[in-house]
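Q: Please take me through this protein, one topic at a time.

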Amino acid sequence: MSPRKRKLASNSTNGEVAVLPPASLEDGDHSPESLPHQVSQYFSARRECPQRLGDSFFDQPCIHLAKALLGKVLVRTLADGTELRGRVVETEAYLGGEDKASHSYQGKRTPRNAAMFMKPGTIYVYPIYGIYLCMNISSRGDGAAVLLRSLEPLLGVERMQELRSVRRKESRRALKDKDLCNGPSKLCQALAIQRGFDRRDLATDEEIWLEEDPSAEQPHAVVSASRIGIGYAEEWTAKPLRFYVLGNRCVSVADRQAERGSADHVT
C-alpha cells in the first residue's frame, strides 16, 4: 500500500474507515494461586518502562484519544506478580456535556462520575446491571471519556480464563481466546479490574497502565461506527463514535454497513 494513500484518523464524527500508522515502541480477583506466574518480556521495572504511556498521551481530545488507544496494550499486574496483557481493538468516545449518551451530559457531576472531570488519563469505572463493570479513561475536555470496549488477549490467557469463569457455570467449556475480552464488562472480569480502580491515574499506577506495542509493524484500518446500547440518546444514537480495528476477531460487534460504506477509504 502506498504511503500516499493512507488516511490518518481525524476528529470528524462522519462514518469512515481510516488507516492509522503503526504504533511505536468484572469485578473481584478470584483467580487461583496454582497457575504459574507469567511475567512480561518487555521490562522488569514498571518505573523504567520506555513504552509506558504518560500524561501527554492522554491529554488529547476525546475522539483523538479513542482512536489513538487502538493498538495500545493494557497491562494489569495481579497481587501474585502475574501480568496480564491485552491489545485495545475497540473503543467508544463519550464527549461530555453535549453528548446525550454521556454520564456527564449537560455538565452533570456526581460522586459516581467524578473521574470524568479529572485529569486526562484518570480511570472511570462504573457498574452496570448491578454486577458488571466498565472501564473508561478521561480525556481532554470536561466530562469527556473513552470506553474501553474490547481487547485482544496477549499474555496471561490461562489466568484470564480463570477470572472469567467466576461468573460462568462450571459445566461450560473454556472460552475461546477471542471471547475473553470482547466486551467492556468481559475485559474488566478478565483483567480483574475492580470498582476500586475508579479515579486512579493510568500514567502512574503500579497495577494497571497502558503501553505502546513494540511488536506492531503494520498500520491498521479503523472503522467508525455507531456506539452500542445507547438507543435513548436521540440524535446521538447514530453518531459514529465507536472505533475498532477492521477485521480483528476480538471486536465485540462488527458493523458491516459501516465497513462497506467506508470501504473506499481503505487502500
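A: One term is needed at the start: a polar contact is a pair of N or O atoms within 3.5 Å; within protein, one atom must be able to donate a hydrogen and the other to accept it, and residues adjacent in sequence count only if both atoms are side-chain atoms. The model is predicted, so local features need pLDDT of at least 70 and side-chain atom pairs pLDDT 80 or more, while totals for chains, interfaces and linings use all residues. Residues are numbered from 1 along each chain as its sequence is written, and side-chain values use heavy atoms, without hydrogens and water.

Q: OK, which side chain makes a polar contact with that of D80?
A: The side chain of R159 does, at 3.1 Å. The side chain of D80 also reaches the backbone nitrogen of T82, at 2.9 Å.

Q: And where is D80 found?
A: D80 is found in the loop between strand 2 and strand 3. Helices (H or I, at least four residues) and strands (E, at least two) are DSSP runs, numbered from the N terminus.

Q: Is D80 buried or exposed?
A: D80 is buried, with a relative accessible area of 19%. Buried means under 20% relative accessible area, exposed means over 50%, and partly exposed is in between (1.4 Å probe, protein chains only).

Q: Back up a bit: how many helices and strands does the protein chain have?
A: The secondary structure of the protein chain comes to five helices and nine strands. From the N terminus on, the elements run β-α-α-β-β-β-β-β-α-α-β-β-β-α. Of the 267 residues in the protein chain, 53% are buried.

Q: Tell me about strand 3, then. How many of its residues are buried?
A: Strand 3 covers residues 83–94 and is mostly covered, with 12 of its 12 residues buried. Strand 3 pairs with strand 2 (residues 73–77), and the two run antiparallel, joined by five bridges. To count as a pair, two strands need at least two DSSP bridges between them. V73 has R87 in strand 3 as its bridge partner. The hairpin of strand 2 and strand 3 has five residues between the strands, and there G81 takes a positive phi near 95°.

Q: What about strand 6, how many bridges join it to strand 3?
A: Strand 6 (residues 145–155) is joined to strand 3 by nine bridges, in an antiparallel arrangement. T91 has L148 in strand 6 as its bridge partner. Strand 9 (residues 242–245) also pairs with strand 3 in the antiparallel sense, over three bridges, and there E90 has Y244 as its bridge partner.

Q: You mentioned R159 earlier. Which residues of helix 3 are buried?
A: Helix 3 (residues 157–165) has R159, M160, Q161, L163 and R164 as its buried residues. These buried residues pack against strand 3, strand 6 and helix 4 (184–190), where contact means heavy atoms within 4.5 Å.

Q: And why is strand 8 largely enclosed?
A: Strand 8 (residues 220–225) is largely enclosed by the rest of the structure because six of its six residues are buried. H220, V222 and S224 point one way from the strand, whereas A221, V223 and A225 point the other way, and all are buried. Strand 8 and strand 9 run antiparallel, joined by four bridges, with S224 opposite F243 in strand 9.

Q: New topic: how many aromatic pairs are there?
A: A search of the whole structure finds two aromatic pairs. The rings of F57 and F58 are edge-to-face, because their centres are 5.3 Å apart and their planes are at 80°. The other pair, Y124 and Y126, is tilted, at 5.2 Å centre to centre and 40° between the planes. By definition, rings of Phe, Tyr and Trp (its six-membered ring) pair if their centres lie within 6.5 Å; planes under 30 degrees apart count as stacked, over 60 as edge-to-face and the rest as tilted.

Q: Are F58 and Y124 buried or exposed?
A: F58 is buried, with a relative accessible area of 0%, and Y124 is buried at 1%. Their partners are buried as well: F57 at 13% and Y126 at 11%.

Q: Last one: how many disulfides are there?
A: The count comes to zero disulfides, a disulfide being a pair of cysteine sulfur atoms within 2.5 Å. The closest cysteine sulfur to that of C181 is in C250, 7.7 Å away, which is too far for a bond. For C188, the closest cysteine sulfur is in C134, at 6.2 Å, again too far for a bond. C181 is buried at 1% relative accessibility, and C188 is buried at 0%.
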